[in-house]
Amino acid sequence: MSSQDEKYMEAALKLAQRGIGSVEPNPAVGCIIVKAGQVIGKGRHKKFGGVHAEINALEDCKTLGVSPRGATMYVSLEPCFHYAKTPPCTDAIIDAGLAKVVVATIDPSAHANGKGIEQLRNAGIEVQTGVCETQAKLLNAPFMKFATTGKCWVILKWAQSIDGKVAWADQSKERRWISGEESRKDVHKLRRRVQAILVGINTVLADNPLLTARPSKGKQLTRIVLDSKLRIPLDCELLATAKKFPLLIVTSEQTLQTNPQAAEAIRKKGAELLVFADTAGQSNLSFLLDELSNRGVAQLLVEGGPTVISSFLKEHLADEICVYIAPKILGQRGRSAIAEPLAKLTESVGLNYVKIKRFGEDVCVTGLCKKAIDEVAAVEG
């Protein structure tokens with residue numbers, strides 16, 4: 001590949017990045033069209049169900065009054081060739097008379113997986129793949145994982161002080177935020193990426209959260225509470241809005257048998273109960289993730305407290321970690337962000353492709369866990 005190919009593909013990837021938080025569960029895709037060394041069209045997938053990046057780029061050519069015939073298209077993901085919410089992009093590319101299409105990585109979905117590339121080649125269009133492939137896979141890592149394994153991508157998120165402590169509620173029940181307003185706005189952007197959000201019952205009891213994305217921008221999350229003893233208050237915000245926003249309460253079979261009245265009261269509020277068996281085999285978290293995957297949840301955001309976060313880490317179920325760090329010191333009064341030690345240092349959870357952003361006075365550190373990177377790297381391109 002040439003440095004020019006990389007330059008144009010990197011531009012396409014930057015366009016694609018702008019779709020994160022709006023296109024999910026679809027992949028984020030960017031497209032650049034180049035003719036005679038000049039960019040004549042740009043496009044990206046802007047929102048779920050909307051026009052694809054390739055079509056937007058071709059429309060941009062029309063706006064500029066330049067024909068794309070004989071041009072080269074750079075697109076961060078294999079163009080689709082099937083009918084879904086929009087017509088096939090491959091048909092539009094062929095009709096436009098493009099001479100070459102440069103693709104960063106294939107779409108590993110069963111309905112794609114190289115078929116779009118094959119159709120373009122059969123139409124006489126030169127196709128080159130693998131330009132900026134790693135960057136393209138990582139950009140859409142959750143999509144890649146779900147398309148190839150059927151398993152949802154798990155993001156662990158929490159806010160902490162610089163001495164590793166999380167917030168608490170004082171005796172008057174006034175909420176003490178660790179992170180600042182800008183960080184909290186970013187969390188809602190993160191929520192718009194996912195299809196489900198999870199907390200433990202202790203978070204519900206302490207904070208009485210609503211667990212929605214604000215503004216929603218059309219996103220409706222499935223809200224999940226781990227509540228093995230059915231301690232959720234019947235007057236909490238989650239149950240008060242259960243008929244408007246989906247609510248899933250995960251509880252144990254034993255609790256359901258010993259406290260059927262509580263279960264019935266929760267169901268009447270509009271919530272769904274998901275029951276796991278009390279066995280020494282599969283953990284309730286693995287059971288839940290399997291169930292969510294079967295329901296088509298491609299990304300799950302875990303906003304639980306120290307106990308829930310520790311459970312996901314100890315069972316190696318996290319793919320991505322997002323930590324907001326505020327310039328505060330809580331000392332002994334604060335709770336540790338991680339409830340339990342994670343074995344030996346050599347078995348600690350390491351992050352790769354780490355990104356650091358500033359939100360006001362806060363610092364946000366995000367990174368991918370090794371197992372997630374291995375799964376994405378295994379996707380054939």
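Contact is defined here as heavy atoms within 4.5 Å. By this criterion, and leaving aside neighbours within four places in sequence, leucine 247 is in contact with Arg223, Val225, Leu238, Leu239, Ala242, Ala271 and Glu272. The model is predicted, so that local features need pLDDT of at least 70 and side-chain atom pairs count only at pLDDT 80 or more, whereas totals for chains, interfaces and linings use all residues. Residues are numbered from 1 along each chain as its sequence is written, and side-chain values use heavy atoms, with hydrogens and water left out.

Leu247 also belongs to the largest nonpolar core (a set of buried Ala, Val, Leu, Ile, Met, Phe, Trp, Tyr and Cys residues joined through side-chain atoms within 4.5 Å; buried means under 20% relative accessible area, with a 1.4 Å probe and protein chains only). Of its 42 residues, Val204, Val225, Ile232, Leu247, Ile249 and Ile266 touch the most other members. Another core, of 30 residues, lies apart from it and includes Phe276, Leu289, Leu313 and Ile321.

Nine strands (DSSP runs of E, at least two residues, numbered from the N terminus) form an open sheet with mixed pairing, in the order S11-S10-S9-S8-S12-S6-S13-S16-S15; pairing requires at least two DSSP bridges between two strands. Strands S11 (272-276) and S15 (351-359) stand at the edges with a single partner strand each, so one side of each is left without a neighbour in the sheet. Within the sheet, S13 (residues 320-326) and S16 (residues 362-369) pair in the antiparallel sense over 6 bridges, and glutamate 320 stands opposite leucine 368 in S16.

How values were computed:
Helix = DSSP H or I, 4+ residues; strand = E, 2+ residues; numbered from the N terminus. Buried < 20%, exposed > 50% of the residue type's maximum accessible area, 1.4 Å probe, protein only.
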